Amino acid sequence: MPIIKINHVNKSYVSKDGENVHALSNINLEIRDKEFVCIVGPSGCGKSTLLEIVAGLQPATAGTVTLDDKPVTGPSRDIGVVFQDAALFPWRTVRRNILFGMEIAGIPKKEQEERLETYLELMNLKEFADKYPFQLSGGMRQRAGIARTLIMNPKVTLMDEPFSAVDHLTRCALQEELIRLHREEQKTVLFVTHDINEAVYLADRIILLTPRPGMIQEEYVVRTPHPRRRSDDYLVNMAARISADIGRGTEKDAKPEYFI
């Protein structure tokens, strides 16, 4: 059963320059429980805007988003969000940054500590637990940001280009961590990226948006199971096909294309 349903979502707004912007047009998409879905498309096509609408951080101009058939009308503990910048509190250690959400939610101390130990282990952060953000690499800060989100046990995790600010080797390592977490935790993930190779390496399904206004141009189902090899001909060819499709084409009915 779908866990997220995006129905006829449109988004328009007036820019700072007074321009009327039509960012998204008639987005219809369902995301199933435990699925890893990537959204890709040209710059400015509304990928991040769509993610923020699903997160309840901004309203759609028209259409609805539901989680377990309940309307998403604002931020929710059931929807975790990881942004490009981990945005850790500089005055808190890694440990206390990760605990922040649970402290605000009033979760009992014993449960906080149990969950903390689990996620410090999962994200390979144990030896950095008492460090401050300025003492960490970009990759370690991002691990802490992901742990801070996942520790709240959301039904859905939304990720907006979370690895784009780190170097290539760190990015590859974080991708491996995310795949491992997804397999172990069995969470639903909606992931925005501009990197096609990243999308085909991570996702079960890839949604390609058209240039603004963003519409669903194509949907691709990745049939190769994890663990995957980045050099696999199937993935390389799929990335090339999606890259060629970007920016050309019109809205489709989101019929999945099983890449062969």
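Which elements each supply at least two residues of the lining of the largest cavity? In this predicted model, the answer is helix 4 (138-150), strand 7 (156-160) and helix 5 (168-185). Helix 5 makes the largest contribution to that lining, with 4 residues. The residues concerned are Ile146, Leu150, Thr157, Met159, Leu178, Leu181, His182, Glu185, Lys187 and Val189. Sorted by class, the lining of the largest cavity holds 6 nonpolar, 2 polar and 2 charged residues. The space inside the largest cavity comes to about 70 Å³, and the count of cavities of 30 Å³ or more is 1. As background, empty space left between atoms is revealed by rolling over them a probe the size of a water molecule.

Attention can now turn from the cavity to the pockets. The largest pocket encloses about 590 Å³ of space. Its lining is made of 22 residues, and those closest to the pocket centre are Ile79, Gly80, Val81, Arg148 and Thr149. Two or more lining residues are given to the largest pocket by strand 6 (79-82), by helix 2 (94-105) and by helix 4. Strand 6 provides the largest share of this lining, 4 residues. In terms of class, the lining of the largest pocket divides into 14 nonpolar, 5 polar and 3 charged residues. Helix 4 is thus a handy landmark for the reader, as it supplies at least two residues to the lining of the largest cavity and gives two or more to the lining of the largest pocket.

Ile79 also offers a link to another part of the chain. Between the C-alpha atoms of Cys38 and Ile79 the distance is 16 Å, with 41 residues separating the two in sequence. Cys38 belongs to strand 3 and is buried, its relative accessible area being 0%.

The second largest pocket holds about 230 Å³ of space. It has 13 lining residues, and Asp195, Asn197, Glu198, Tyr201 and Arg230 are the ones nearest its centre. At least two lining residues each come from helix 5, helix 6 (196-202) and helix 7 (233-245). Helix 5 therefore appears in this lining as well as in that of the largest cavity, where at least two residues in the lining come from it; the classes in the second largest pocket are 6 nonpolar, 3 polar and 4 charged.Several of the residues nearest the centre of the second largest pocket take part in contacts that deserve a closer look. Arg230 is placed over the face of Tyr201, 3.9 Å from the centre of the ring. Asp195 and Glu198 are both partners of Thr193, a residue in the loop between strand 8 and helix 6. A polar atom of the Thr193 side chain lies 2.9 Å from the backbone nitrogen of Asp195, while the side chains of Thr193 and Glu198 are joined by a polar contact of 2.7 Å. Thr193 itself is buried, with a relative accessible area of 0%.

The aromatic residues complete the picture. In total, 5 aromatic pairs are counted. In one of them, the ring centres of Phe36 and Phe191 are 5.8 Å apart and the planes meet at 35 degrees, so this pair is tilted. Phe36 sits in strand 3 (residues 36-40) and Phe191 in strand 8 (residues 188-192), so their pairing ties together parts that are 155 residues apart in sequence. Both partners are buried: Phe36 has a relative accessible area of 1%, and Phe191 has a relative accessibility of 0%. A further pair is formed by Phe89 and Trp91, with ring centres 5.1 Å apart and planes at 35 degrees, so it is tilted too. Here the surroundings are more open to the probe for one partner, as Trp91 is exposed at 59% relative accessibility, whereas Phe89 is partly exposed at 23%. Finally, Phe36 and Phe191 join Phe163 in one aromatic cluster. Strand 3 thus holds Phe36 of this cluster along with the buried Cys38.

Notes. Residues numbered from 1 in each chain as written. Predicted model: local features only at pLDDT ≥ 70, side-chain atom pairs only at ≥ 80, totals over all residues. Heavy atoms only, no water. Phe/Tyr/Trp six-rings, centres within 6.5 Å; stacked < 30°, edge-to-face > 60°. Buried < 20%, exposed > 50% of the residue type's maximum accessible area, 1.4 Å probe, protein only. Lys NZ or Arg CZ within 6 Å of the ring centre and 35° of its normal. 1 Å grid on protein atoms, 1.4 Å probe; cavity = no way out; pocket = protein on both sides within 12 Å on 5 of 7 lines; lining within 4 Å. Points joined across faces, edges and corners; volume = space filled by probe spheres on them. Nonpolar A, V, L, I, M, F, W, Y, C, P; charged D, E, K, R; others polar. Polar contact = N/O pair within 3.5 Å; in protein donor to acceptor, adjacent residues only side chain to side chain.
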